Number of protein chains: 2
Amino acid sequence: MTEDKRSGSVYDRRSPLELDGAAMRALVDLAMARIIEHIDTLERQPAAVETGGAELARSLVESLPQTGTPPAELMELLFERVIPVSYNTASAGYLAYIPGGGLLHSAVADLIANAVNRYVGVWIAAPGLVQLEANVVRWFCQIVGYPEDAGGVLTTGGSLANLFALITARRVRLPADFLAGTIYTSADTHHSIQRAAVLAGFPPANVRDIPVDDARRIDVRATARQIEQDRHDGLLPFCLVGNAGTTNTGAIDDLDGLASLAAEFALWFHVDAAYGGFFALTERGRARMAGLARADSMSLDPHKGLFLPYGTGSLLVRDPETLWQAHSVFAHYMPAMQEDHEFVDFTQISPELSRDFRGLRAWLPIKMHGIDVFRDQLDEKLDLTEWAHQRLREISDVEIVAPPQLSVVAFRLRRPGWDATRLNALNREFMRRINARGNVYLTGTMLGPDFALRICVLSFRTHRDRMETCLSDIEQAAGTLVGPA
Amino acid sequence: MTEDKRSGSVYDRRSPLELDGAAMRALVDLAMARIIEHIDTLERQPAAVETGGAELARSLVESLPQTGTPPAELMELLFERVIPVSYNTASAGYLAYIPGGGLLHSAVADLIANAVNRYVGVWIAAPGLVQLEANVVRWFCQIVGYPEDAGGVLTTGGSLANLFALITARRVRLPADFLAGTIYTSADTHHSIQRAAVLAGFPPANVRDIPVDDARRIDVRATARQIEQDRHDGLLPFCLVGNAGTTNTGAIDDLDGLASLAAEFALWFHVDAAYGGFFALTERGRARMAGLARADSMSLDPHKGLFLPYGTGSLLVRDPETLWQAHSVFAHYMPAMQEDHEFVDFTQISPELSRDFRGLRAWLPIKMHGIDVFRDQLDEKLDLTEWAHQRLREISDVEIVAPPQLSVVAFRLRRPGWDATRLNALNREFMRRINARGNVYLTGTMLGPDFALRICVLSFRTHRDRMETCLSDIEQAAGTLVGPA
């Protein structure tokens, strides 16, 4: 009887949500035609569209649809009206914030992962797929120089990785009454650390903003003094956060110095390497981030340094048992968990249970190309940034505010004798004029009282030709702003 | 000069990671051929493969690949060796835990979202795409009966939604020194609440496990007594967590009663509706979950009740300002945020900054079909569960441990006079024999000292034919276990 059922006309009761082979292929073809056109015309698209957003958004507000719309109409809406009004994060000219990538390989990996929809939160539910994701974590550990028995977990990005890291450090290093626990990091550290600390339960003031030096690296001695002072005051210093590439300027803290300091005071040493970490693939990056592997934990975003689409970060730890200690749970309705830790149940080492199979997104491109291709790309980004730095120095009236430590360079127009307000206004206008040409999109930041423009080179699509355009646009914009001395 | 660059031979320096149109199409075709074959043969695949996992996983352990592998080989590895060894969560016969769905529409949506790789963490970066995701949140709010100005955020699943909810409640309702804050929930509540409380900084004992009644619903009076006792003892009751469909048995707490209790004691009322919430689309579900819309917040998983692939949950709140209060941050390098809250910056109302554009995954299938199709599917699941319940009652020696409140029914073999140990062993063997036939995959849970089997019907692929097979397999397995009285 069972066999009868299996070979029988099972699709009589097929749900309209179940697409047959032809319908699946038609839907994917529809999407792919648009995707290919989009990617193939990226060169002609502006690096950012900054107008019309409010009108567009208002026109899209919609109540729950009762009936369906043909997919071709939806694709038209997406690709012709909705997607174009945006920061063109897929473009070679997007040199703003930290550029994302958007490897199509990862898009295909997600297509597969979603279509087969296996469950990777616990090992026993899909041991092979879990192993592929565990391999990815292992590869990341290799890249940063972690020992063989290090581990970690993939996240949706750096913010959650930093949050999970601080919660882990809190649970492993502090008593249940942890409110006197204090965290040390540079004033240039990404705000996700401050936010993670607050979400993890600490009073905001418990995050100590330590001053930075001229290269915008944390002052290690000042850190030591603050720790000693806090101990003296009865606080519980427990966590030190270093940077391997700040968002502001790509600054790399003295990681070796910080690691030694953390050891001296028995602090958990976390490194925010979300942006910079994958440069450890290159010789230059490895040298500049010396000490990185001494971290107890680090955040590392493949959607930055490996060019993956947004949505893939990672938290790596030297000792995976710390993640177990912080996260593992038990429930009767759950499948059997791995006891000896030869294999990993991701839900036992992170706050998530059901979640996407995000490992494939990194696995497929690395397997298809090998890591050497990624190393070459990152080396190219370092070269391009150094080249831009040299060219910027040749433009009169431009001063370098932060020379590249990785693939960020910060600069501004100088006007001797001008006060900060006037100079900042000038530089905002300078940025506006560069961006108005549409070839590149740059963003700025505040370094102390000073507004500075940044170039951040991290897309796999950005090559020498676009950097030449970028510098040419900067030079021309600077030329239009020659004013009275 | 700029124009020259744009029209010039830009792809001279094309990265090997940049696939051209033909290569993109070839890769997608390769994947789609496998996906279609996989989905079209689901009927003939076992509902779970539980052996060979360790050997497979060990054979896949691999160091960082230096060089590439042809994609066809990778697809073969995935689809022929890796994916088949798993709980077949895509199968119509997967009636275990809470079944996931895996709509192909969502897989295509992710293909698009990843390929264009726009950034939706802040509104200004992609106002139209952000609005589509905001629409999805609005639709979910409509479905559960929330007012027009409710809001929320999409997450990767229920665990993070519960974590973000507890952190929000903590930040909105408790002082900075919150360690005396106590949380009330039934003993049958999903463990992610317990874990969320601990990760949010509370001592484990601050989560009060309130006893359940015969229908496994929280005892509202006992809850009130515990709150009063805790207040009297100087603790700070601040949060009450109800269930709209427990994982164990699909039990629905008296949500109206809990809402009134929460109001009386000024507690934050959170409902874990991760599994059950979308049944609010149906008349029966809405009636059974009366009071749901009185919650301050709720978790609702579209990767459960809307059949989406794993990786899409949501946290909805009556008052979106509470999410802002708990999460908003400022940093100089960040884009401009929306001040008047006509539009939403997702990063200001959740712990994430960079993350995937997960709204499209829900938007595309709902837009393509309209919500009525989803309602019909959920009604069918309620019918199927009720049908299974009636059929189970006709099988001799089977007793219903938990009649369906939604789409879960729990049952076991009874043997008058047997002790719990012997009876539990018998029922584990009962489940083993059902699952061994490969047509369906059931899992069990502990209800007090008693092991019970569960049927949970939630896949859009599960229809009457598979349920008939399921009941037939149960009946036959029960028959093989007829033993001495």
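## A covered helix in chain B

Let's start with helix H8 of chain B, which runs over residues 191-199 and is mostly covered, with eight of its nine residues buried. Keep in mind that what you're looking at is a predicted model. The buried residues of H8(B) are His191(B), Ser192(B), Ile193(B), Arg195(B), Ala196(B), Ala197(B), Val198(B) and Leu199(B).

Step just past the end of H8(B) and you meet Gly201(B), which takes a positive phi of about 110°.

## Two copies, one axis

Now for how the chains go together. In general, a rotation about an axis and a shift along it relate two copies of a chain. Here, a turn of 180° with a shift of 0.0 Å along the axis lays chain A on chain B, and the RMSD is 0.0 Å. That is the relation of a two-fold axis. Both copies use the same surface, too: 100% of the contact residues of chain A turn up again in chain B.

## Chain A as a whole

What is chain A built from? Its secondary structure comes to 17 helices and eleven strands. Measured out along the principal axes, the C-alpha trace of chain A spans about 90 × 55 × 45 Å. The radius of gyration of chain A is 25 Å, which agrees with the value near 23 Å that a compact globule of 485 residues would have.

There's plenty of cover inside as well, since buried residues make up 68% of the 485 in chain A. Look at the contacts in chain A with a separation of 6 or more, and 73% of them are between residues 24 or more positions apart.

## Surface and charge

The accessible surface of chain A comes to about 15,500 Å², and carbon and sulfur atoms account for 49% of that. As for charge, chain A carries 47 positive and 60 negative side chains. The centres of those two sets lie 3 Å apart.

## A closer look at Leu471(A)

To finish, pick out Leu471(A), which sits in helix H17 of chain A, residues 464-480. Is Leu471(A) buried or exposed? Its relative accessibility is 0%, so Leu471(A) counts as buried.

Which residues does Leu471(A) touch, leaving aside those up to four places away in sequence? The list is Trp387(A), Ala388(A), Arg391(A), Leu392(A) and Ile395(A). Gln131(A), by contrast, is 340 residues away from Leu471(A) along the chain, and 45 Å separates their C-alpha atoms.

How values were computed. Residues numbered from 1 in each chain as written. Chains lettered and ligands numbered in written order. Predicted model: local features only at pLDDT ≥ 70, side-chain atom pairs only at ≥ 80, totals over all residues. Heavy atoms only, no water. Helix = DSSP H or I, 4+ residues; strand = E, 2+ residues; numbered from the N terminus. Rg over C-alpha atoms; globule rule 2.2 N^0.38 Å. Buried < 20%, exposed > 50% of the residue type's maximum accessible area, 1.4 Å probe, protein only. Contact = heavy atoms within 4.5 Å. Areas by Shrake-Rupley, 256 points an atom, 1.4 Å probe, with all protein chains shown as cover. Lys, Arg positive; Asp, Glu negative; His and termini not counted. Charge placed at Lys NZ, Arg CZ, Asp CG, Glu CD. Least-squares fit on C-alpha atoms with pLDDT ≥ 70 in both.
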